[in-house]
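Please look at the sequence and the model below before reading on. The report takes up a few parts of the chain in turn.

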Amino acid sequence: SVLSKCLLQLTLAVIKPDAVAHPLMLEALHQRILDNNFGIVRCQDLVWRRQDSERFYAEHSGRFFYQRLVEFMSSGPMRAYILAREDAISHWRELMGPTKVFRARFNSPASIRGQFGLTDTRNTTHGSDSLESAQREITFFFPDFCADEWMKKEEPLFR
Ligand code: RTP
Ligand code: MG
């Protein structure tokens with residue numbers, strides 16, 4: 001029915017070191033989050049040690065880009081968000097655009113990666129790709145955050 005409540009979803013978004021390094025880009029991306037009706041549930045600036053990077057991307061170990069990915073993600077400060085929205089996971093992925101910079105530039109020039117992506121690795125942002133990875137990644141960045149508790153207490157305030 002038209003009266004049914006929309007379903008709020010949480011996702012983990014990261015502004016990667018290439019984008020955080022440029023203050024104007026960081027500001028533009030933060031604004032982009034707000035303009036697209038995401039609620040900011042948590043926001044944290046941090047720097048990874050190499051072992052954090054390796055652990056986060058363990059599923060990609062062995063792929064040709066693993067070493068440079070791990071190196072890059074622990075090369076400087078980044079910013080992690082827990083974002084809330086209806087369909088947050090797919091909306092954030094849509095907003096980022098394709099992973100490959102070539103595709104992003106040509107097929108989605110208005111997307112974040114289409115506008116700001118430098119290479120397939122230095123591509124400005126990360127976003128969870130499923131409910132399972134959102135859960136894992138939220139816990140990875142925010143170990144004290146309890147999604148169930150948040151939904152009960154805070155979710156009504158976001159309407
Ligand atoms: P993710 O796994 O992080 O959600 O990203 P994704 O699905 O958009 O992209 P995927 O192909 O799974 O790649 C994982 C991460 O590796 C970086 N990457 N670098 N050729 C390269 O240098 C290369 N290819 C992929 C991406 O930036 C992505 O963060
Ligand atoms: Mg992936």
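The text below describes the annotated span, the core, two helices, the ligand shell and some backbone angles.

The model is predicted. In an unreviewed UniProt entry, residues 8-149 carry the feature "domain: Nucleoside diphosphate kinase-like". The end C-alpha atoms of residues 8-149 lie 14 Å apart. Helix makes up 47% of this span and strand 20%.

**The core**

In soluble globular proteins, nonpolar side chains tend to be buried together. The largest nonpolar core in this model has 25 residues. Those that touch the most other members are Leu 10, Leu 12, Ile 82, Leu 83, Ala 88 and Trp 92. Two or more residues of this core come from each of strand E1 (8-15), helix H2 (23-35), strand E3 (78-86), helix H5 (88-96), helix H7 (112-116) and helix H8 (131-141). Leu 10 can serve as an example. Leaving aside residues up to four places away in sequence, Leu 10 is in contact with Val 41, Ile 82, Leu 83, Ala 84, Ala 88, Ala 134, Ile 138 and Ala 147.

**Two helices**

Which residues of H5 are buried? They are Ala 88, Ile 89, Trp 92, Arg 93, Leu 95 and Met 96. These residues lie on the same side of H5, because they cover an arc of only 160 degrees around the axis. They pack against E1, H2, E3, H7, E4 and H8.

Helix H4 covers residues 66-73, and its buried residues are Leu 69, Val 70 and Met 73. Seen down the axis of H4, the buried residues fall within an arc of 95 degrees, so they line one face of the helix. Gln 67 and Glu 71, on the other side of H4, are exposed. Helix H1 (17-20) and helix H3 (50-56) are among the elements that cover the buried residues of H4.

**Ligand 1 and His 126**

The residues around ligand 1 are His 60, Phe 65, Arg 68, Leu 69, Thr 99, Asp 120, Thr 121, Asn 123, His 126 and Asp 129. By type, this shell has 2 nonpolar, 5 polar and 3 charged residues. Leu 69 belongs to the shell and is also one of the buried residues of H4.

His 126 is listed by UniProt, in an unreviewed entry, under "active site". This residue is in strand E4 (residues 125-127). Is His 126 buried or exposed? His 126 counts as buried because it has 21 C-beta neighbours inside 10 Å, and the cut-off for buried is 20 or more. Apart from residues up to four places away in sequence, His 126 touches Ala 13, Val 14 and Lys 16.

**Positive phi angles**

Three residues with a positive phi are listed here.

| Residue | Place | Phi |
|---|---|---|
| Asp 87 | loop between E3 and H5 | near 50 degrees |
| Gly 97 | just after H5 | about 85 degrees |
| Thr 124 | loop between H7 and E4 | about 70 degrees |

Asp 87 is a residue other than glycine, and Thr 124 is not a glycine either. Asp 87 counts as partly exposed, because 14 C-beta neighbours lie inside 10 Å. Thr 124 has 26 other C-beta atoms within 10 Å and is therefore buried.

Technical notes
Residues numbered from 1 in each chain as written. Chains lettered and ligands numbered in written order. Predicted model: local features only at pLDDT ≥ 70, side-chain atom pairs only at ≥ 80, totals over all residues. UniProt positions renumbered as here; feature names shortened; annotations may be inferred. Helix = DSSP H or I, 4+ residues; strand = E, 2+ residues; numbered from the N terminus. Buried ≥ 20, exposed ≤ 12 C-beta atoms within 10 Å, placed from the backbone. Contact = placed C-beta atoms within 7 Å. Core = buried A, V, L, I, M, F, W, Y, C linked by C-beta atoms within 7 Å. Near = placed C-beta within 6 Å. Nonpolar A, V, L, I, M, F, W, Y, C, P; charged D, E, K, R; others polar. Arc of directions from axis to C-beta.
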